[in-house]
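Visitor: Please take one part of this structure and go through it closely. I would like to know what it packs against and what it helps to line.

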Amino acid sequence: HEPVVLWRDPEDPSSGHCIQVIPQLACRLRPHQREGVQFLFECTMGQRGFEGEGCILADDMGLGKTLMSLTLLWTLLNQGITPGKSAVQKAIVVCPTSLVGNWENELRKWIGDHCPTFAVKSDPQKMIKNFIVHRSKAILIISYETQRRYCDLFTANNGKGAGGYTSCCELLIC
């Protein structure tokens, strides 16, 4: 397979520092998915020349939006613009209730047990709090309704960060 390099250091191209999709995922991506992951990366990392960061990925069913999103998620959890530092520490996937288990299964299928995953199927308050206090990289999978119902837990003031708030997530996938 051909590597999927999403970014190279423009300041020092000879340094070899780049952000690259791991081979286990890169070899599974079809050409349109490679383009999709590149698009997601550039928009999410503010490299597309528009105000803001983020994007909407819309495509027909069965073309691999979940795999593209998961590839971006895993790449940013492990790599970043700054050498040795990931771009994202925590991520939240918000989806319909019927897809919480599907997302959990897809994460297990593609990345195994390499990252703690908190799939909110029961005891939402406990799961959300465990995710928020988790000290290293982690992924929360939650339904739209549950996220809305417990949104106050995500903005709880704990005396840290700007204005007394800390960010509980650096990447949100809906």
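Guide: Helix 3 is the part to look at, since with six residues it gives the most to the lining of the largest pocket. The model is a predicted one. Helix 3 covers residues 65-78.

Begin with the pocket itself. The largest pocket holds about 820 Å³ of space. It is lined by 34 residues, and those closest to its centre are Leu 57, Ser 69, Trp 103, Ile 173 and Cys 174. Besides helix 3, the elements that give two or more residues to this lining are helix 2 (31-44), strand 3 (90-95), helix 4 and strand 6 (171-173). Sorted by class, the lining has 23 nonpolar, seven polar and four charged residues.

Two of these elements, helix 2 and helix 4, also pack against helix 3. Two packed helices are described by the angle between their axes and the distance between the axes.

Take helix 2 to begin with. Its axis lies 9 Å from that of helix 3, and the angle is about 50°. The two helices are therefore oblique to each other, and helix 2 passes helix 3 in a right-handed crossing. On the helix 2 side, the residues in contact are His 32, Gln 33, Gly 36, Val 37, Leu 40, Phe 41 and Thr 44. They meet Leu 67, Met 68, Ser 69, Thr 71, Leu 72 and Leu 76 of helix 3. This contact counts seven nonpolar and six polar residues, with no charged ones.

Now helix 4, residues 100-111. The axes of helix 3 and helix 4 come within 11 Å and cross at roughly 60°. This pair is therefore oblique as well, and the crossing is right-handed. From helix 3, the residues Thr 66, Leu 67, Ser 69, Leu 70, Leu 73 and Trp 74 take part. Their partners in helix 4 are Trp 103, Glu 106, Leu 107, Trp 110 and Ile 111. The contact divides into eight nonpolar residues, two polar and one charged.

Ser 69 ties these views together: it meets helix 2, it meets helix 4, and it is among the residues closest to the centre of the largest pocket.

How values were computed. Residues numbered from 1 in each chain as written. Predicted model: local features only at pLDDT ≥ 70, side-chain atom pairs only at ≥ 80, totals over all residues. Heavy atoms only, no water. Axes fitted to C-alpha atoms, helices over the stretch in contact; angles between N-to-C directions. Helix = DSSP H or I, 4+ residues; strand = E, 2+ residues; numbered from the N terminus. Parallel < 35°, antiparallel > 145°, perpendicular 65-115°, else oblique. Left-handed = near helix turned anticlockwise from the far one by under 90°. Contact = heavy atoms within 4.5 Å. Nonpolar A, V, L, I, M, F, W, Y, C, P; charged D, E, K, R; others polar. 1 Å grid on protein atoms, 1.4 Å probe; cavity = no way out; pocket = protein on both sides within 12 Å on 5 of 7 lines; lining within 4 Å. Points joined across faces, edges and corners; volume = space filled by probe spheres on them.
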